[in-house]
Amino acid sequence: MGVLNATPDSFSDGGLWTGAAAVRHGIDMADAGASIIDIGGESTRPGALPVSAEEELSRLVPVLRDLVPSLSIPVSVDTMKPEVAERCISMGASIVNDVNALRAPGMMELCAQTGVAAVIMHAEGGIFDKAPGMRGDAVESVSRFLAERAEAALAAGIRRDGIILDPGLGFGKTPEQNMELLIASDRLSGGFPVLIGPSRKRFLAHGFPGMPKDEATAVACRIAADAGADYLRVHDVGRVVGIGRDSRWRGWRRPSLWRCRRTCNPSSWRQPPPAHLCACTRRCSIPRRTVSGRRSTGSESAQGALFLRPCSGIASINHKMITHL
């Protein structure tokens, strides 16, 4: 997911992408390998000031008007205001990326009625506050929150395959908690795709000291993908796509993560299955071969099972990375 900030005050690239430059940048990210372009018109960095819906739309509408017809991939709108989301959906946005977890009155109903997908994000404290961190087990707390919001979204009528969960790296977590969440996608999922957004955030300096931000972002994304993340939200798309092809990373794998995490018990693998076998990150019930040679489905015990083929239609970053390896 390529980040396109049409804002004057975003923490990383505020003021760089407006008007025609923003459209060109969105197209460039798609050419570099992005599967989604995520456009935002309001900065949510710590200390930023909220903007009105009118101001946010004044930044988004000109870009959407020219960008959506120029792309063959989905466009996501990064907003927590239902009125902004509604206008952007009418212009062709097919995903609402909401840092407020669809809690604004009418946002869930809008997503359900229009049929768009929704990214539900966790943020500790206020969206614009600089919270000191979470108490207790951050992974458990975030997982519980996301599960509750996902159930609320389902109850509101949002389709199951249109819900994506985001642990909200950098939103009210300590550097250590951000690193814990980075490698915990399989624990956060609950059967839904997981989006990880580490791009250029401050905690990277703690986790990867001395490393340039974009390189640290790419390494963090590689780790998140191996941990089961389905989507990676980044500024430098080409660098993150390229790390999957980088020879320095070949052979660096986590054996316990080579499985379809929705249906398989990771402890069942005695050794990693070959790369051509399925390592998908979506729920599936594809045939597979057990130790006894019996064919079974994804709903049965995974003890000793190997998948026979990748799930059809899988287009997750994790699967692409494995294909490159």
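User: Before we look at any residue, what do buried and exposed mean here?

Analyst: Buried means under 20% relative accessible area, and exposed means over 50%. Keep in mind that this is a predicted model. Take arginine 135: its relative accessibility is 80%, so this residue counts as exposed.

User: Where does arginine 135 lie along the chain?

Analyst: Arginine 135 belongs to the loop that runs between strand 5 (117-121) and helix 5 (138-156). It is also worth checking what sits across from a residue in space. The C-alpha atoms of arginine 135 and lysine 173 are 9.4 Å apart, although 38 residues separate the two along the chain.

User: Now the whole chain: how much of it is buried, and how many helices and strands are there?

Analyst: Of the 325 residues in the protein chain, 55% are buried. The chain has 11 helices and 11 strands. For a view of the fold, turn to contacts between residues at least 6 apart in sequence: 65% of them join residues at least 24 apart. As for the surface, the chain exposes about 13900 Å², with 51% of that coming from carbon and sulfur atoms.

User: What volume does the largest pocket have, and which residues are closest to its centre?

Analyst: Its volume is about 830 Å³. The lining has 42 residues, and Pro46, Leu169, Gly170, Phe171 and Lys201 are the closest to the centre. Strand 1 (2-5), helix 6 (175-182) and helix 8 (203-207) each give at least two residues to the lining.

User: Which classes of residue make up that lining?

Analyst: The lining of the largest pocket holds 17 polar, 13 charged and 12 nonpolar residues.

Definitions and conventions:
Residues numbered from 1 in each chain as written. Predicted model: local features only at pLDDT ≥ 70, side-chain atom pairs only at ≥ 80, totals over all residues. Heavy atoms only, no water. Helix = DSSP H or I, 4+ residues; strand = E, 2+ residues; numbered from the N terminus. Buried < 20%, exposed > 50% of the residue type's maximum accessible area, 1.4 Å probe, protein only. Contact = heavy atoms within 4.5 Å. Areas by Shrake-Rupley, 256 points an atom, 1.4 Å probe, with all protein chains shown as cover. 1 Å grid on protein atoms, 1.4 Å probe; cavity = no way out; pocket = protein on both sides within 12 Å on 5 of 7 lines; lining within 4 Å. Points joined across faces, edges and corners; volume = space filled by probe spheres on them. Nonpolar A, V, L, I, M, F, W, Y, C, P; charged D, E, K, R; others polar.
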